[in-house]
Amino acid sequence: MSKEKLVEVKNLKQYFKVSGGQVVKAVDDVSFDIYKGEVFGLVGESGSGKSTTGRSIIRLYDITDGEVKFDNQVISGKISKELKRSLTREIQMIFQDPYACLNPRMKVIDIIAEGLDIHKLAKTKQERQERVYKILEIVGLTPDHANRFPHEFSGGQRQRIGIARALITQPKFIIADEPISALDVSIQAQVVNLMQKLQKELGLTYLFIAHDLSMVKYISDRVGVMYHGKLVELADSDDLYENPLHPYTKSLLSAIPEPDPIYERNRQRIPYTVDVHDYSQEQPEWVEIRPGHFIRANKKELAEYEKQLASKAK
Amino acid sequence: MALLQVKDLHISFKTNAGEVHAVRGVNFELDKGETLAIVGESGSGKSVATRAIMGILASNGYIKHGEIIVEGKDITKMTKTELEDMRGGEIAMIFQDPMTSLNPTMKIGKQIMEGIIKHQKVSKEEAKVKAIELLTLVGITNPELRFEQYPHQFSGGMRQRIVIAIALGCNPKVLIADEPTTALDVTIQAQILELMKDIQKKTGVGVIFITHDLGVVANVADRVAVMYAGRLVEIGSSNEVFYNSQHPYTWGLLASMPSLDSDGELFSIPGTPPNLLYPPKGDAFAPRNQWALKLDFEKQPPMFKVSDTHYAATWLLHPNAPKVEPPAIVQRLRQSFGEKGGVLD
Amino acid sequence: MEAMKQQYVSPQDITGVDESLLILTPLHEEASEKIESKNTSFWSEAWINLRKNPLAITGLVLILIIVVLSIVGPYLNGGGDYAAQDLMNASQLPSAEHWFGTDDIGRSLWVRTWYGARISLFIAVVVAAIELVIGTTYGGVSGFYGGTLDIIMQRIAEIISSIPSLVLLTLLLVVFKPSIPTIIFAVSFTSWVGMSRVVRSQILKYKEYEFILAARTLGASNARLIFKHLVPNVVGQLIVVVSFSIPSTIFFESFLAFLGLGLPAPTPSLGILISDGFKSMLLYPHLILIPALVLTILMISFNLLGNGLRDAFDPKMK
């Protein structure tokens, strides 16, 4: 994997006004980079801001503050029409709900070809059809699926149609927003394997957003953990799962159910509350504690984490 | 005597396209104080079967054949009023989405009291005392204060606790939990599962736990039933199903979950479940089964006995069937069980 | 337990199995992706649902019969001119010569009833079309763009819908003479608000759906979002609203006629005929009964059809 940055997110803030003049800080000062060809996992519970982060990057929301770069170009805020146009080809998204993500009134061929139609990428009807058939085959479906409507497909098949739609414009970067959490276990593996195969064959880069930590660990090269709009820890996925430092990461890892009754009977859950942090004296910062291992902590906590790492190293 | 017995249950739905055979001959039973997990993907019939037990099938669904016996009475033959008494009384249910199972305009205390008054036949004052006890039991702090609050003042996990309290208020003998933690975050899920186990210890209620998450099953279940395309394919104690599974579908389910140390390509079950408008002739899983025998396509395998408590419907258990190697994860689970000194009970 | 045991078989005890079939077979992945069901679109599905509803189909058939009669009826039974008087044959009961009888100045009630039905239907259909155009555009813009624009547009709609149509029509009559255009104008002036509300709520719902987000990430223009994605999903609802709007307009028109605010003589509408027939109800009951019956059948039929359409389009039915 090259260490070339594809996506750079700097101090991203996404606030939403809600009724009563209140402001919800869905994403609050989040920074991370995604390298070319890697899978970057983003985990956290509902309301942690992980999905909002993805949607802000792809410009579904106008960001409140901060900056997003793609291929060394600023893509947040006001940008040119041409850049916008090329971004809609180069960055694509896969969605969570296989039932809501396909227009029930459109045939599969028209759903998948939408990118071609919008960007006028197919010169003839023939070419359009051929490209759709080809992509259907890539995602494990057949040309006779093309003229059917979404409601005739199973959840896993629909999700693959969603993937086909995202792939047709030949994007470089795909944001997968909880792509498997609405699917059955046996189908999850199908979709994850497909995503991995595509990544290798087409050289894609993924932002994989999920709350299922075992799947995120499995598919991701690096993982960021979000809590209440903030990144609290970021590391290589093996490193994060072997040496979790932030108490929230530890709590999250301790709660993953494993398909092993004996392990489950002996599992100790680690509870987490924000009260474990004492930020009255000093505010936490986003610090690189080891090369590639970032954590949100203040100096006192950092010293504590250093100790933990040192004792583990022995 | 078992709390609940389901015998040869067949359920169909009438649709525009024809009859959908959602449940096609299911047998199981539930004992006092035990948790039976029913695992399967959407469309496997797991929710339909349990909704039939509650008597809340969708209007186009009907029980075609079979018996559901609760405390010696067959509920498929009950009248509407009898069913209503039983629902909530003998059997209570908790659903996936706690928000839609609560009345948003009613104080939660009152919602818990309603069931207590109806099914335990006690006065208002007594019901209030019991309701507050229940709130304490499900782990809600300051129950007297919380008693006066509305559902929107609670978080998702807290709401699911209240739903559990309401269900328990009816003093049920059987509690059906339909994916009760699927909508919750992992950390909250772990808390709710702990709570349910704790309550079961205290009250001895029999629980049917429907889920598609094998991790959750490993955590809560005493026995596990695996459903596919409207039929049970394997049933046994939790140890038997996890450490000595026999049906290739169970293998597929176990192997397609990544464990924290899995690498390489995930095992995946190809294809899609069958359309139950056109139920297949043999084993419904055969077209997706890499260990399928020719016979699987021809003839429905019977429930072969593996042990007194463990049964599986696959022709692979025929004495003259070829021996096959299950996926690596399944073999590893078998091994690890021996290493941990486990004995299949 | 005993009953269940019978279902179970010990591997040793199994008999009657063709053991030559106990061989592994290779996996055909494509086979398991096959979809067996017939390819159905939303419209054919809705039509199948509707066909299964006998009440709705009865309504539909009756509406079609009335529509056909209102087109060809006036030219049958020696008619053609709804104003032609035949004083010699005034106030006749139904007969072979005048199928529905004649009124007090000898006009054929058959001709006048179907011509009246034609006018009532015409007014209702035009009003529905106006509602559809204005309501959809207004509700669509308001829901799609949202924000401050939505708030302003909704306040305006509230003000308009709070004007009573009857007061408005009375005022209009002071300025203009009652005519088909004035009645259409008065009724549709406020009634489009209902349609716009339905459209707005539907748009607000679908706007957040992931398929809309997906189209936006693909760079779809607003026009594409509205016409390719939102409108096709809202059309079912619109048809239902229209099928309820038509009978309510017909009823409102009759109501106006009864109050003396209807079309001027000699133009008939169902309301005018009922109102005229009412004057001689005791002597010649057929003069009120026949148009009233047509009106009633029309109203009931539209309501049955509307209910049937609502069920047929309801995705929950699937």
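Q: Over how many bridges do strand β1 (residues 5-17) of chain A and strand β4 (residues 65-70) of chain A pair?
A: The model is a predicted one. Within it, β1 and β4 of chain A are paired in the antiparallel sense. One of the pairs is Glu8(A), whose bridge partner in β4(A) is Lys69(A). The number of bridges joining β1(A) and β4(A) is 5.

Q: Which strands are the edge strands of the open sheet β2-β1-β4-β5 of chain A?
A: This open sheet has 4 strands, and the pairing is antiparallel. An edge strand pairs on one side only. In chain A the strands that do so are β2 (23-35) and β5 (73-74).

Q: At about what angle to β1(A) does helix α1 (residues 50-57) of chain A run?
A: Helix α1 of chain A lies across three strands, namely β1, β2 and β4 of chain A. These strands belong to the open sheet in the order β2-β1-β4-β5. Relative to β1(A), the helix runs at about 115 degrees.

Q: Which strands stand at the edges of the open sheet of 8 strands in chain A?
A: The order of this sheet is β6-β7-β8-β3-β9-β10-β12-β11, with mixed pairing. Each edge strand has a single partner strand, so one side of each is left without a neighbour in the sheet. The strands in question are β6 (91-94) and β11 (285-290) of chain A.

Q: By how many degrees are neighbouring strands of the sheet β6-β7-β8-β3-β9-β10-β12-β11 of chain A turned against each other on average?
A: The sheet is open and consists of 8 strands. With direction ignored, the average turn between its neighbouring strands is 20 degrees.

Q: Which residue is the bridge partner of Ile91(A) in β7(A)?
A: β6(A) pairs with strand β7 (residues 173-177) of chain A in the parallel sense, over 4 bridges. Both faces of β6(A) are covered, with Ile91(A) and Met93(A) buried on one side and Gln92(A) and Ile94(A) buried on the other. Across the pairing with β7(A), the partner of Ile91(A) is Phe173(A).

Q: Which residue of β10(A) stands opposite Arg222(A)?
A: Strand β9 (residues 222-227) and strand β10 (residues 230-236) of chain A are paired over 6 bridges. Their pairing is in the antiparallel sense. Opposite Arg222(A) stands Asp236(A).

Q: Which helix gives the most to the side of chain B that touches chain A?
A: In this interface, 36 residues of chain B are in contact with 33 residues of chain A. The helices α7 (186-203), α8 (214-220), α9 (238-243) and α10 (248-255) of chain B each supply at least two residues of that side. By class, the side divides into 16 nonpolar, 15 polar and 5 charged residues. The helix that gives the most, with 5 residues, is α8(B).

Q: How many residues of α10(B) are buried?
A: α10(B) is mostly covered. Its buried residues include Pro248(B), Trp251(B), Gly252(B) and Ala255(B). The number buried is 8 of its 8 residues.

Q: How many nonpolar residues has the side of chain B that touches chain C?
A: Here 32 residues of chain B are in contact with 26 residues of chain C. β2 (18-30), α11 (294-298) and β11 (303-305) of chain B each supply at least two residues of this side. Alongside 8 polar and 6 charged residues, the nonpolar residues number 18.

Q: Which residue of β1(C) is the bridge partner of Met303(B)?
A: β11(B) is joined to strand β1 (residues 8-9) of chain C by 2 bridges. The two strands run parallel. The partner of Met303(B) is Tyr8(C).

Q: At roughly what angle do the axes of helix α2 (residues 42-51) and helix α11 (residues 286-313) of chain C cross?
A: The two axes come within 8 Å. The crossing is right-handed. Among the residues making the contact are Ala46(C) and Leu50(C) of α2(C) and Leu309(C) and Phe313(C) of α11(C). The axes cross at roughly 130 degrees.

Q: Does Val125(C) count as buried, partly exposed or exposed?
A: Val125(C) is placed in helix α4 (residues 109-145) of chain C. A residue is buried if 20 or more other C-beta atoms lie within 10 Å of its own, and exposed if 12 or fewer do. Because Val125(C) has 17 C-beta neighbours inside 10 Å, it counts as partly exposed.

Notes. Residues are numbered from 1 along each chain as its sequence is written. Chains are lettered from A and ligands numbered from 1 in the order in which they are written. This is a predicted model: local features need pLDDT of at least 70, side-chain atom pairs count only at pLDDT 80 or more; totals for chains, interfaces and linings use all residues. Axes are lines fitted to C-alpha atoms, for helices over the stretch in contact, and angles run from 0 to 180 degrees between N-to-C directions. A crossing is left-handed if the near helix is turned anticlockwise from the far one by less than a right angle, and right-handed if clockwise. Two residues are in contact if their C-beta atoms, placed from the backbone, lie within 7 Å. Ala, Val, Leu, Ile, Met, Phe, Trp, Tyr, Cys and Pro count as nonpolar, Asp, Glu, Lys and Arg as charged, and the others, Gly among them, as polar. Two strands pair if DSSP finds at least two bridges between them.
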